[in-house]
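Please open the structure in your viewer and keep the sequence panel beside it, so that each selection can be followed in both places. The tour goes from the whole chain to one strand, and then to charged side chains.

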Amino acid sequence: MKSFSLFIAFLILPFFTSTTNNHEYYVSVTQVEYSKKAQSLQIISQIFINDFETLLRKRYDENITLDTEQEDEVVETYMKRYLADKLKFSVNGSPVSFKFIGKEYKEDITYCYLEVENVSNIKYIGVTNQLLFDVFADQQNILRLKLLGKIRAFYWFLRMIRAC
């Protein structure tokens, strides 16, 4: 019974902790899905708002605040620039560029919508995901791919990137 009580305490503990950047895990999730109909890669990157804000402040402007009604237009420009620098794609061995469609905030997550257009006859895809590695030593990035009828998940850790 005592171990069950400890288990419940560990489940509830995150709800009573601070929501600042002092959380235990630094994770982003990027989902890539191939749309045969649209002939495009449709990409959604999910990044914690406070982590993305910390990065943008350190990299571009210390006064940036995300998810406000008075959010400066330059925020989206910085997001586009950062994502283009740290998230790279190739299709069948050739580098491709994505278009930044937009962003939205839901709860504590920034959803960035991207698209690589004019993709046909896809055989394989290459992805480099270095999001937030330059700010958080323990950053982990999860990539979910859905293409050619298969679903795959991959994980990036800073240690793996440096070892390559």
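What follows is a walk through a predicted model, one selection at a time.

**The whole chain**

Begin with the full chain in a cartoon view, where the secondary structure comes to 4 helices and 9 strands. Tracing the cartoon along the sequence, you will follow the pattern α-β-β-α-α-β-β-β-β-β-β-β-α. If you then switch to a surface view, about 10,700 Å² of the chain is exposed, and carbon and sulfur atoms supply 52% of that area. Buried residues make up 37% of the 164 residues in the chain. Among contacts with a separation of 6 or more, 60% are between residues that lie 24 or more positions apart.

**Strand β6 and its partners**

Next, select residues 109-116, which form strand β6. Is this strand mostly covered or mostly uncovered? Strand β6 is mostly covered, since 7 of its 8 residues are buried.

Add residues 40-48, strand β2, to the selection, and you will have a pair of strands that run in the antiparallel sense, with 8 bridges between β2 and β6. Now add residues 99-106, strand β5, which also runs antiparallel to β6 and is joined to it by 7 bridges.

Which residue of β6 stands opposite Ile 44? It is Tyr 113, and if you keep Tyr 113 selected and turn towards β5, you will find that Tyr 113 is also the bridge partner of Gly 102. Further along this pairing, Tyr 105 has Thr 110 in β6 as its bridge partner. From there, move to the turn of the hairpin that β5 and β6 form, where 2 residues lie between the strands and Glu 107 has a positive phi of about 55 degrees.

**Charged side chains around β5**

Now show the side chains of the charged residues, for the model holds 8 salt bridges in total. Side chains of opposite charge can pair when their charged atoms come close.

Select Glu 76 and Lys 103, which form a salt bridge whose closest N and O atoms are 3.8 Å apart. This pair links distant parts of the chain, with Glu 76 in helix α3 (residues 74-86) and Lys 103 in strand β5, 27 residues apart. Glu 76 is partly exposed, at 27% relative accessibility, and Lys 103 is likewise partly exposed, with a relative accessible area of 23%.

Move on to Lys 99 and Glu 117, whose side chains meet in a salt bridge at 3.4 Å, N to O. Because Lys 99 lies in strand β5 and Glu 117 in the loop between β6 and β7 (125-129), this pair ties together parts that are 18 residues apart in sequence. Lys 99 is partly exposed, with a relative accessible area of 41%, and Glu 117 is partly exposed as well, with 42%.

Then select Lys 106 and Glu 104, where the side chains meet in a salt bridge of 3.7 Å, N to O. Lys 106 counts as partly exposed at 40% relative accessibility, while Glu 104 is partly exposed with a relative accessible area of 31%.

As a last stop, select Arg 59, Asp 85 and Asp 134 together, which are joined into one network by salt bridges that share partners.

Key:
Residues numbered from 1 in each chain as written. Predicted model: local features only at pLDDT ≥ 70, side-chain atom pairs only at ≥ 80, totals over all residues. Heavy atoms only, no water. Buried < 20%, exposed > 50% of the residue type's maximum accessible area, 1.4 Å probe, protein only. Pairing = 2+ DSSP bridges. Salt bridge = Lys/Arg side-chain N within 4 Å of Asp/Glu carboxyl O. Contact = heavy atoms within 4.5 Å. Areas by Shrake-Rupley, 256 points an atom, 1.4 Å probe, with all protein chains shown as cover.
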